[in-house]
Amino acid sequence: MTTTAVTATAATTATTAATGRAPAPGPVPVLWLALLATPVAAAANAPVLILPDMAASLGVPTETAARLVAAFAWAMAVSVPLMAGLLRRRGLTPVLRLSGALLLGGTLLVAASPWLPAALLGRAAQAAGGAGLVAAAMSLAGSARRMGVISAGFGMLGAAGPLLGAQLSHAVSWRLSLSVSLLSLLALPAVGRHAAVTTPPTAPRSRFDARGAALLTVLATALVLLPHAPAAALGSASAAVVAVAVAAVAVAAALLALHVRRRPDGFVPAALVRSPLFLGSSLLALALSTSYFTLLFAVPRLLADRAGWDVTAAGAGQLVALLTGSALSWLLAAASARLGRTAVRAVLVTIGALAALLAVFASWGPLLLVATLGGVFGATGANAVLSMQAASSVPAPQRPTAIGLFSLCYQLGGAFGPAIATALVLGGA
């Protein structure tokens, strides 16, 4: 059987497993999937340049308003595997309905609430809804080429998010800036029609593994909070806070591991934990994602310190680098079937390592921008190609869960990267 035939067969199988249904007469057009998934990337980064405006409107310090960013990141990270689990058990239609309701309700709460706690709840609901739409789009992609379109869109809209948020805030309101993820709702009818013509779910309906889902949520929460523990500590209490954070991660991981042994077919299937292909794909994606988010926050400061660039030049240069790297990552995804698994991983590791080395040693501005380009290329390319490899490592009914847990690993890079940048580069600001 040819590589093309294998890829096509895998795409059909992944789509069937993702929805729990027989495949529709044709796949959802990939541009609808991109519209369904990618606006959440712009919404996540929209507050970056407007935190002072948000803080003034809510009557809180800027540092307190930054919790809106942390709440979104946390909810996004923990909700992707939860929504993928719902997708596995109930199929596509319930996920689309719930995600759309969460996204719309959260946005209305953010738009109307004058209080920070309610705005935090709204941002978390927005992220949970966006996570469900991302899980649905990724599970319906079916091939690395189509997944590459979604990942490239993520990179591009994520790069444009801060500038888009600032423009909308200055023209109308910062609340409108946090509402851009509503664009995803435009894709719901088209994707929903795909769900309507498929057959009822055929996946076995076992008892929902609530304990496994809860333990995974606790572990993901502890991992997201872990990088922020040193920053939250003061003086001699720092070591104690870090120790408590590490202990929380260790205990949550140990309890989850014991639960997986008792319930091998539960929320976290034992087949995933035991799959070298899944673990290798997920850990490599975590490393490349962490590197990318570290560079995203560190390079603007490095451009100022080493190359003497002002804020405007650094921001414009980084935006061009991010857009270019995201677009180029699609070429890797499109060629991945011809290159093969080993060659693709070699490209990702090589580009990721070169990007990190340039960030460490380069002092010329354009080279630092090349580091940013390489970082986003590696991360978005990994998200496109390695997610499909991770999904192919387990039986068909478990592939939505595999994509959800893979996405959790990728999202954790967004928590680790900024903390590393702060410790290594921004801490001395």
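**Exercise 1. A bridge within a helix**

Which side chain meets Arg301 in a salt bridge, and what is the N to O distance?

*Solution.* This is a predicted model, so read each value as computed from it.
Step 1. Find the partner. The side chain of Arg301 meets that of Asp305. The N to O distance is 2.8 Å.
Step 2. Check the cut-off. A salt bridge needs the nitrogen within 4 Å of the carboxyl oxygen, and the pair has 2.8 Å.
Step 3. Place both residues. Arg301 and Asp305 lie in helix H16, 4 residues apart. That is about one turn of the helix.
Step 4. Ask how open they are. Arg301 has 24% relative accessibility, so it counts as partly exposed. Asp305 has 48% and also counts as partly exposed.

**Exercise 2. A network of charges**

Find the residues linked with Arg263 in a network of salt bridges, and say where Arg263 and Asp209 lie.

*Solution.*
Step 1. Start with the count. The model holds 3 salt bridges.
Step 2. Take the pair Arg263 and Asp209. Their closest N and O atoms are 3.6 Å apart. Arg263 sits in the loop between H14 and H15, and Asp209 in the loop between H11 and H12, so this bridge ties together parts 54 residues apart in sequence.
Step 3. Add the other partner. Asp265 also meets Arg263 in a salt bridge, at 3.6 Å from N to O.
Step 4. Join them. Asp209, Arg263 and Asp265 form a linked network.
Step 5. Compare each accessibility with the cut-off: buried means under 20%. Arg263, at 14%, is therefore buried. Asp209, at 5%, is buried too. Asp265, at 43%, counts as partly exposed.

**Exercise 3. Ring pairs**

Sort the aromatic pairs by the angle between their planes.

*Solution.*
Step 1. Count them. There are 2 aromatic pairs.
Step 2. Take Phe208 and Phe267. Their ring centres are 6.2 Å apart and the planes stand at 85°, so the pair is edge-to-face.
Step 3. Locate this pair. Phe208 is in the loop between helix H11 and helix H12. Phe267 is in the loop between helix H14 and helix H15. The two residues are 59 apart, and the pair links distant parts of the chain.
Step 4. Check their surroundings. Phe208 is partly exposed because its relative accessibility is 40%. Phe267 is buried, at 7%.
Step 5. Turn to Tyr292 and Phe293. Their centres lie 4.8 Å apart and their planes meet at 50°, so this pair is tilted. Tyr292 is buried, with a relative accessible area of 7%.

**Exercise 4. Into the core**

Which residues have the most contacts inside the largest nonpolar core?

*Solution.*
Step 1. Size the core. It has 80 residues.
Step 2. Name the residues with the most contacts inside it: Leu36, Leu96, Ile150 and Val191.
Step 3. Find the main contributor. Helix H8 (residues 116-141) gives the most, with 10 residues.
Step 4. Follow Ile150. Beyond four places in sequence, it touches Leu33, Ala34, Ala37, Thr38, Ala137 and Ala141.
Step 5. Look from Ala37, in helix H2 (residues 30-37). Ala37 counts as buried, since its relative accessibility is 1%. Among its contacts beyond four places are Leu133, Val134 and Phe154.
Step 6. Note the span. Ala37 and Met138 are 101 residues apart in sequence, with C-alpha atoms 8.2 Å apart.
Step 7. Look for another core. A second, separate one has 14 residues, including Met54 and Leu58.

**Exercise 5. The surface and the whole chain**

Describe the nonpolar patch around Leu357, then the chain as a whole.

*Solution.*
Step 1. List the patch. Leu354, Leu357, Val360 and Phe361 make a nonpolar surface patch of about 430 Å².
Step 2. Place Leu357. Its helix is H18 (residues 341-361). With 46% relative accessibility, Leu357 counts as partly exposed.
Step 3. Step back. The chain has 20 helices and 0 strands. Of its 429 residues, 52% count as buried.
Step 4. Check the surface. The accessible area is about 17,900 Å², and 72% of it belongs to carbon and sulfur atoms.
Step 5. Check the contacts. Of those between residues at least 6 apart in sequence, 83% join residues at least 24 apart.

Technical notes:
Residues are numbered from 1 along each chain as its sequence is written. This is a predicted model: local features need pLDDT of at least 70, side-chain atom pairs count only at pLDDT 80 or more; totals for chains, interfaces and linings use all residues. Side-chain values use heavy atoms; hydrogens and water are left out. Buried means under 20% relative accessible area, exposed over 50%, partly exposed in between (1.4 Å probe, protein chains only). Contact means heavy atoms within 4.5 Å. Patches are made of residues with over 30% relative accessible area and no salt bridge: like charges are joined within 9 Å, nonpolar side chains (Val, Leu, Ile, Met, Phe, Trp, Tyr) within 5 Å. Accessible areas come from the Shrake-Rupley method with a 1.4 Å probe; for residues, only the protein chains shown count as cover. Rings of Phe, Tyr and Trp (its six-membered ring) pair if their centres lie within 6.5 Å; planes under 30 degrees apart count as stacked, over 60 as edge-to-face and the rest as tilted. A nonpolar core is a set of buried Ala, Val, Leu, Ile, Met, Phe, Trp, Tyr and Cys residues joined through side-chain atoms within 4.5 Å.
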